[in-house]
Each structure stands twice: as C-alpha cells, then as structure tokens.
Amino acid sequence: MKKEYLIYKLSEEMKEAARIDNELFSKFDVKRGLRNEDGTGVLVGLTKIGNVVGYERVPGGGLKPIPGKLFYRGYDVEDIAHAVLKEKRFGFEEVAYLLLSGRLPDKEELSSFSELINENMPLEQKTKMNIIELEGNNIMNILARSVLEMYRFDPDADDTSRDNLMRQSIELISKFPTIIAYAFNMLRHATLGRSLHIRHPREKLSIAENFLYMLKKDFTELDARTLDLLLILQAEHGGGNNSTFTVRVTSSTGTDTYSAIAAGIGSLKGPLHGGANIQVADMFHHLQKNIKDWTNEKEIDAYFTRMLNKEVYNKSGLIYGIGHAVYTISDPRALLLKELARELAREKGKEREFAFLELLEERAIATFGRIKNNGKTVSSNVDFYSGFVYELIGLPQEIFTPLFAMARIVGWCAHRNEELTFEGKRIIRPAYKNVLEEENYVPIKER
Ligand SMILES: CC(=O)SCCNC(=O)CCNC(=O)[C@H](O)C(C)(C)COP(=O)(O)OP(=O)(O)OC[C@H]1O[C@@H](n2cnc3c(N)ncnc32)[C@H](O)[C@@H]1OP(=O)(O)O
Ligand SMILES: O=C([O-])CC(=O)C(=O)O
C-alpha cells in the first residue's frame with residue numbers, strides 16, 4: 001500500500017472514529033470546554049493571583065454582563081497602568097514583583113529586583129549558539145525549544161522546592177526577552193539576508209528598553225514606554241486561561257519548570273489564545289485590501305457576514321480579536337490599548353488606519369450579534385489592538401505572540417509556584433466518559 005494512500009485511509013477512518021454525537025454531551029452532563037451551561041468556566045481551583053471579572057450572577061439565576069475588570073493580587077490593573085503612565089516610569093518589573101510575591105515592592109526592593117533581572121538577562125553561551133542554530137520560522141517554537149534547552153544548563157532543574165522555583169522564575173522572566181530578540185534577529189538574517197546582531201543586554205535598562213535595544217538598537221522613549229505598558233497588561237489573567245491552566249495542569253504532576261513552561265508556550269501559540277494577535281494583524285491587512293471604502297459600514301457588514309459564514313478570508317468563521325470566555329461588555333486591557341493606539345496613531349500619522357480599525361471593531365460586534373443571534377454580549381479582547389500598537393512602534397508581526405509570552409511568563413511562574421506550594425494540592429486529573437461499546441478482540445488472521 002502506498003504511504004500517501006495509507007495516510008489518506010487512516011484519516012478517512014478517523015472521521016468516524018472521532019465523531020461524537022452532540023446530544024451525548026448533554027445526556028451525560030459533560031462540561032464541554034470545561035464550561036457550564038451558561039458559558040461560565042467550571043470552577044476547578046482557588047487562586048490568590050489574578051482575578052478576571054466580566055459578569056455578575058443575578059440572584060435566582062442568570063448572568064448580568066458588566067464592564068470587565070482585571071486585578072493583579074487584588075490591585076486593579078487600570079490603577080497600576082495609570083500610575084505608571086502618570087509617573088512616566090517603567091512598571092513591568094514592579095508587576096512581576098507583585099505577582100511573584102503577592103506584595104507591592106518598596107523603592108529599594110524594586111531597585112534590587114530590577115538589578116537581579118538585569119543580571120540574569122544574558123544567556124549561556126551554548127543557549128545563544130543553540131538559538132542561532134535552531135532553524136525555523138516560528139519564534140514561539142524556537143522559544144519553547146530554548147526553554148527546554150535551559151533545563152540542560154540548570155544543575156537543579158528538577159528541584160521543586162520553593163527557593164528553587166523562585167530562582168527559576170526570575171531567570172525565565174529575565175531570559176525570555178533575550179531569547180526572543182536573538183531568535184528574531186536570526187530569523188531576519190536567515191530569511192531576509194539582513195546582518196545578524198547579537199547585542200548583549202545593557203545594565204540599568206528596564207526589560208522593555210533592553211528588549212528593544214537587543215532587537216533593533218535604536219528606539220525612542222515612547223516606544224519603550226508603550227512596550228512596557230503592553231507587558232504590564234498581558235502579564236497575568238487568572239488560572240483559567242488556557243496557557244496558565246496548561247502550566248498548572250503540567251506542574252501538578254511535579255514535573256520540572258522548563259517542561260511546564262514549554263507546555264504553556266505551546267498553548268499560547270494557538271490562534272484562539274495568544275496567537276490571535278498575529279491573526280488580527282493578518283485579518284486587518286486583508287480587510288485593508290478587500291474593503292474598498294474604509295468608511296462604508298454596509299460594505300464592512302457585508303464582508304463580516306461572509307466571514308462569519310465561512311465564505312471569505314481564512315474561512316474559519318471567526319473574527320479574530322472579538323469575544324472572550326469571561327469578559328462581556330469590555331476587556332479592560334483592550335480599552336486601555338485602544339486609547340494608546342489612538343494617541344500613537346495621531347503621532348505617527350496613522351489616523352486613517354486607526355479610524356478603520358475602530359470602525360471594524362464596532363461593525364464586527366454588531367454583525368456578530370445579528371448573525372449569531374445567541375444572546376452573547378461580545379466585545380473586543382486584548383488582541384484586537386495589541387498588534388496595531390506593536391506595528392506603530394515598529395515591531396514585526398513574527399514577535400507579536402512571543403511578546404505576549406514575554407509578559408505572561410510572569411503569570412505562568414506565579415501560578416506554577418502557587419500550584420506546587422499550596423497545602424491541599426493534588427494532581428489535576430478530570431474524567432472522560434467512554435461512549436463506545438466494548439468489542440471482542442479478533443486475531444489478525446481472521447480479519
Ligand atoms: C488572549 C486571549 O486569549 S483573548 C482571545 C483571543 N482569541 C480570539 O480573538 C479568537 C476569536 N475569538 C474566539 O474564538 C472566542 O471568542 C474565544 C475562543 C476567545 C472564546 O470562546 P468561547 O468562550 O467559546 O466563546 P463563546 O462561548 O462566547 O462563543 C459562543 C459562540 O460564538 C462563537 N464565537 C465566539 N467568538 C467568535 C468570534 N470572534 N468570531 C466568530 N464566532 C465567535 C463561538 O464559536 C460560539 O459559536 P457556536 O455556538 O456556533 O459554536
Ligand atoms: O482569559 C482568557 O481566556 C484569555 C485571555 O484573555 C488571556 O489569557 O489573557
């Protein structure tokens with residue numbers, strides 16, 4: 001049998017093997033996607049790290065959509081962002097301290113912590129060479145492989161004691177920017193024939209500044225502050241988001257930090273999760289080309305209708321950057337990023353593009369409501385404006401999702417450390433009901 005035919009045959013058989021009637025899910029009360037009937041997530045754990053709020057429970061049943069709120073260790077992320085913007089300083093290190101320790105640092109603690117991060121930014125020579133050798137055009141993939149490589153150089157890689165977990169957390173937070181910057185420069189060198197720069201991180205720079213320095217050397221104060229804000233906003237999102245939950249599930253087996261974080265990177269890469277920021281940018285460029293009049297609501301609505309009906313664009317039926325598992329009326333991060341995008345667009349002469357994106361947001365939500373008609377309140381999520389902001393500060397599309405990982409590594413570490421430290425911990429192990437009849441084994445000569 002030809003190999004290609006065998007693969008085709010196996011794949012055809014998989015169609016039936018993977019078919020599970022929809023009604024069986026309700027018959028056995030299965031929480032598809034770990035969701036309750038009303039769309040809310042099944043409660044699977046307790047945490048003291050992030051809190052994501054998108055609705056209120058109505059006494060007697062039902063949910064009331066409310067404007068979204070996000071808290072890091074009890075502090076409203078909008079307050080953190082506004083304070084950092086007002087005081088014109090970098091805030092990602094402070095957020096990392098807060099999320100890891102549970103407490104806001106004082107001035108001295110923050111300054112020592114920032115120094116510690118800075119000292120840990122350089123990579124092992126061998127990891128550096130490994131990144132240069134790693135072939136591939138996907139930086140999330142290279143990031144995951146580099147994280148697994150870090151296991152090799154850690155003499156206490158499998159030690160899950162608290163001190164060791166904290167040391168590993170700080171090293172990962174420090175090294176992600178370096179790995180991502182080097183991996184992109186290598187990619188650019190390999191695919192575009194551009195000169196290869198491997199810049200050593202500099203002392204006394206914030207993570208955002210050092211990342212931009214390693215990536216492209218020259219950057220403005222505004223670029224660095226914008227990146228810092230994006231890192232703050234994407235650092236943490238509770239225990240239930242897919243990548244953090246993946247890290248918690250993997251960690252609950254007692255495996256090493258690098259294995260758990262590599263699993264989280266794999267999850268974040270997906271287009272329904274962190275990978276949506278690249279999809280939004282791609283979709284935006286597609287719509288820029290395919291919508292003739294960027295101010296014509298009817299033309300936009302007609303195109304979104306065809307997108308939702310899987311007729312155009314990538315035929316997935318999805319409008320990227322719209323919808324969320326928890327948020328309803330708004331994602332607070334998207335609101336902050338939208339205002340940032342508006343300001344940056346004004347400064348960079350991109351008002352027309354911003355106005356188009358803003359109209360797309362409005363029409364996507366309206367068309368979703370009309371076509372789906374499922375009573376769901378949807379809004380734009382964090383990924384809707386993040387790519388546009390990255391583009392405005394000159395960052396390439398290939399690193400949009402890696403930048404999300406560069407922020408979320410903080411949340412992942414905080415959750416891994418919580419998962420391995422709380423007293424009542426247990427291996428996470430839900431159940432799947434088998435819906436197939438038992439069969440008698442048939443010897444091969446009788447088949
Ligand atoms: C950082 C982040 O992870 S933020 C999310 C980034 N992801 C995206 O932007 C991708 C687009 N959005 C989506 O796919 C979804 O809204 C998700 C994955 C974010 C959340 O999914 P869910 O919680 O399952 O959505 P929800 O329960 O609200 O979905 C209800 C219905 O609306 C559909 N839907 C939800 N969002 C969208 C969308 N953006 N475009 C088209 N249909 C959508 C779902 O497919 C589902 O339809 P169905 O009942 O016909 O199968
Ligand atoms: O909470 C979620 O499901 C996805 C999300 O917005 C995030 O992880 O930032």
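**Stop 1: ligand 1**

Select Asn381 and ligand 1. A polar side-chain atom of Asn381 sits 2.9 Å from an oxygen atom of the ligand. Keep in mind throughout that this is a predicted model.

Now add His273. An N or O atom in its side chain is 2.7 Å from an oxygen atom of ligand 1. Then pick Lys372. Here a polar side-chain atom lies 3.3 Å from an oxygen atom of ligand 1.

How much of ligand 1 does the protein bury? On its own the ligand exposes 910 Å², and the protein buries 73% of that.

Next, colour the helices. Two elements, α16 (351–372) and α17 (382–392), each give two or more residues to the shell around ligand 1.

Show the full shell. It holds 22 residues, and those that come nearest are Leu272, His273, Ile319, Gly321 and Lys376. Colour the shell by class: eleven residues are nonpolar, seven are polar and four are charged.

**Stop 2: ligand 2**

Keep His273 selected and move to ligand 2. His273 belongs to the shell here too, along with His237, Asn241, His324, Arg333, Phe404 and Arg408.

Which side chains should you check for polar atoms 2.7 Å from an oxygen atom of ligand 2? Start with His237, which has a polar side-chain atom at 2.7 Å from a ligand oxygen. Go on to His324, where a polar side-chain atom lies 2.7 Å from an oxygen atom of ligand 2. Finish with Arg333, whose side chain also places a polar atom 2.7 Å from an oxygen atom of this ligand.

Turn on the surface. Ligand 2 has 260 Å² of accessible area on its own, and the protein covers 84% of it. By class, its shell has one nonpolar residue, four polar and two charged.

**Stop 3: α15 and α17**

Go back to α17, one of the elements in the shell around ligand 1. Add helix α15, residues 332–347. The two pack at an angle of about 30°, and their axes are 8 Å apart. An angle under 35 degrees counts as roughly parallel, so α15 is roughly parallel to α17. Look along the pair for the handedness: the crossing of α15 and α17 is left-handed.

**Stop 4: α5 and α8**

Hide the ligands. Select helix α5 (residues 107–120) and helix α8 (residues 162–192). At what angle do α5 and α8 pack? The angle is about 65°, with the axes 8 Å apart. The range from 65 to 115 degrees counts as roughly perpendicular, and α5 and α8 are therefore roughly perpendicular to each other. Their crossing is right-handed.

Key: Residues numbered from 1 in each chain as written. Chains lettered and ligands numbered in written order. Predicted model: local features only at pLDDT ≥ 70, side-chain atom pairs only at ≥ 80, totals over all residues. Heavy atoms only, no water. Near = heavy atom within 4 Å. Polar contact = N/O pair within 3.5 Å; in protein donor to acceptor, adjacent residues only side chain to side chain. Areas by Shrake-Rupley, 256 points an atom, 1.4 Å probe, with all protein chains shown as cover. Nonpolar A, V, L, I, M, F, W, Y, C, P; charged D, E, K, R; others polar. Axes fitted to C-alpha atoms, helices over the stretch in contact; angles between N-to-C directions. Helix = DSSP H or I, 4+ residues; strand = E, 2+ residues; numbered from the N terminus. Parallel < 35°, antiparallel > 145°, perpendicular 65-115°, else oblique. Left-handed = near helix turned anticlockwise from the far one by under 90°.
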